[in-house]
Amino acid sequence: MNALKSIDELLQNVDQLPALPKAVIEIIRCIDDSDITVQDVVKLIGNDIGLSTSILRAANSARISVHGKIASINDAVMIIGLKQIREIVCTVGVKESFPQNKLSGFDYINFWRHSVGVAICGKELAYITGVNPSVVYISAMLHDIGQLVLSMAAPNEFREAMQYRASHQCQDFEAEQIVLGMDHAKIGAYLATKWGLPKVICDAIEKHHMPDTAPTNIMADLIHVSGILSHALEMGYIGHPIPPLSERSLFRLGINFARLKPYLAQIECDYRNAIQILN
Amino acid sequence: MGMDLMGMQNETFRTVREKMKIRVKLIPLALAESGMILASTIRGVNGQVMLTAGAELSDNLLASLHTRNISTISIQEEDLRSEEELAIEREKITKHIDALFQTVTPNSNLDSLRLLILDYRLEAHL
């Protein structure tokens with residue numbers, strides 16, 4: 001087993017950490033702010049040409065072409081709605097901030113599909129439990145970004161951790177701690193903090209595998225339970241074993257799995273809609 | 001008299017639908033047609049419930065859905081599987097779901113989740 005490493009030790013081989021576009025950071029920062037206007041969002045996205053192009057492509061991905069393409073960010077926000085545009089900005093902005101397909105053997109497609117799956121399950125559970133769905137969506141989209149950082153900082157050890165996980169049938173964060181002396185939840189929270197994202201999101205990323213460590217956090221509970229549900233629905237990783245469930249998280253949220261059936265078809269439809277945005 | 005006849009026809013239609021074994025089918029929005037019955041809730045742009053399960057799709061509703069960023073919807077369809085076909089499918093799905101849950105220590109909540117997924121997978125036509 002590797003001795004536990006400090007984040008600085010681990011990151012000494014990384015020339016530059018991934019940077020989120022300024023517009024994405026601003027939009028995430030005010031995710032809880034109902035005062036942000038359509039004009040604010042249009043201006044933020046419009047100032048970044050690359051992001052604008054990606055958002056328009058994503059906004060048109062699921063629409064039926066005979067109804068015409070959305071040609072401007074202003075139209076996109078007006079037609080699709082502010083909440084959904086924020087989600088698209090975060091989905092696209094986060095994904096495009098990380099180098100893709102750099103580490104052979106790492107399943108980038110299903111990594112992002114899993115993130116979206118947790119985000120979609122999280123959003124629906126947030127509606128049911130009365131928590132802000134947008135904050136849950138963003139936290140879920142970011143919850144595993146630490147894996148991408150680990151794959152950049154120590155590619156060989158990270159590959160070894162993936163092999164360890166498969167051969168020992170343990171959880172990914174346990175394999176990372178054993179092989180790398182660090183886990184994706186900690187380093188993901190570190191990066192989110194460095195980006196200046198709200199503490200509630202950073203804490204949810206850090207604690208999604210251990211939601212019972214004090215102080216408890218309802219957002220971490222939601223990401224944890226959504227992760228279990230998305231695994232059970234095989235969103236992203238097919239045939240992966242279900243991770244252990246914190247019964248306390250479930251209790252704190254007041255969720256009863258037996259009552260979720262009316263929501264599953266919609267979760268699956270929303271997931272299919274959202275993964276089109278990724279492509 | 002004409003109104004009564006129409007009322008009777010609607011009543012008969014409702015009774016037939018209530019007695020029909022229903023399953024859920026996910027379809028591309030492009031294939032959705034007026035008269036189809038929604039199988040799950042669709043939320044509006046601000047997260048409010050826009051349409052609930054059981055709502056009948058009309059041309060107006062479809063036009064409104066087409067403007068949204070939606071590619072897939074779920075509809076109800078008659079379950080035409082025989083008991084034998086259903087039993088075979090149940091066995092196959094159960095085996096797959098049991099494999100997903102094999103590494104976790106069983107408890108009542110995980111059992112609820114396993115049954116939820118089993119029930120849904122058996123009902124849904126993906």
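Which helix supplies the largest share of the lining of the second largest pocket? Let us keep that question in hand while we walk through this predicted model, beginning with chain A as a whole.

Chain A is built from helices: its secondary structure comes to 16 helices and zero strands. Along the principal axes, the C-alpha atoms of chain A fill a box of roughly 55 × 50 × 35 Å. A compact globule of 279 residues would have a radius of gyration near 19 Å, and the 18 Å of chain A agrees with that. Of the 279 residues in chain A, 58% are buried. If you look at the contacts in chain A with a separation of 6 or more, 70% of them join residues 24 or more positions apart. On the outside, chain A exposes about 11,500 Å², and carbon and sulfur atoms supply 52% of this area.

For a glimpse of the buried part, find helix α5 of chain A, residues 73-80, where I80(A) lies. I80(A) counts as buried because its relative accessibility is 0%, under the 20% cut-off. I80(A) and A59(A) are 21 residues apart in sequence, while their C-alpha atoms are 7.8 Å apart in space.

Now turn to the largest pocket, which has a volume of about 850 Å³. Its lining comprises 39 residues, and the closest to the pocket centre are R165(A), C170(A), Q171(A), D172(A) and H231(A). Three helices of chain A, α10 (155-168), α11 (172-180) and α14 (218-232), each supply at least two residues of this lining. By class, the lining of the largest pocket divides into 18 nonpolar, 15 polar and six charged residues.

Q171(A), one of the residues closest to the centre of the largest pocket, deserves a second look. This glutamine is found in the loop between α10 and α11 of chain A. Is Q171(A) buried or exposed? Its relative accessible area is 15%, so Q171(A) is buried. Setting aside neighbours within four places in sequence, Q171(A) is in contact with R165(A), H209(A), P243(A) and P244(A). In that list, R165(A) is also among the residues closest to the centre of the largest pocket.

The loop between α10 and α11 of chain A also holds Q169(A). Most residues other than glycine have a negative phi. Q169(A), however, has a positive phi of about 50 degrees although it is not a glycine. With a relative accessible area of 51%, Q169(A) is exposed. E234(A) likewise is not a glycine and has a positive phi, here of about 55 degrees. You will find E234(A) in the loop between α14 and α15 (247-253) of chain A. What sets the surroundings of E234(A) apart from those of Q169(A)? E234(A) counts as buried, at 12% relative accessibility, whereas Q169(A) is exposed.

We can now return to the opening question. The second largest pocket has a volume of about 180 Å³. It is lined by 13 residues, of which K261(A), P262(A), V24(B), A39(B) and E123(B) are the closest to its centre. Here both chains take part: α16 (261-278) of chain A and α4 (108-123) of chain B each supply at least two residues of the lining. The largest share, five residues, comes from α16(A), which answers the question. By class, this lining has eight nonpolar, three polar and two charged residues.

The helix α16(A) appears again in the enclosed space of the model. How many cavities of 30 Å³ or more are there? The count comes to one, and the largest cavity has a volume of about 390 Å³. Of the 26 residues that line the largest cavity, Q84(A), E87(A), K123(A), D270(A) and R68(B) are the closest to its centre. From chain A, α6 (82-97), α7 (108-129) and α16 each supply at least two lining residues, and from chain B, β2 (42-43) and β4 (72-78) do likewise. α16(A) gives the most to this lining as well, with six residues. Sorted by class, the lining of the largest cavity has 11 nonpolar, eight polar and seven charged residues.

Notes:
Residues numbered from 1 in each chain as written. Chains lettered and ligands numbered in written order. Predicted model: local features only at pLDDT ≥ 70, side-chain atom pairs only at ≥ 80, totals over all residues. Heavy atoms only, no water. 1 Å grid on protein atoms, 1.4 Å probe; cavity = no way out; pocket = protein on both sides within 12 Å on 5 of 7 lines; lining within 4 Å. Points joined across faces, edges and corners; volume = space filled by probe spheres on them. Helix = DSSP H or I, 4+ residues; strand = E, 2+ residues; numbered from the N terminus. Nonpolar A, V, L, I, M, F, W, Y, C, P; charged D, E, K, R; others polar. Rg over C-alpha atoms; globule rule 2.2 N^0.38 Å. Buried < 20%, exposed > 50% of the residue type's maximum accessible area, 1.4 Å probe, protein only. Contact = heavy atoms within 4.5 Å. Areas by Shrake-Rupley, 256 points an atom, 1.4 Å probe, with all protein chains shown as cover.
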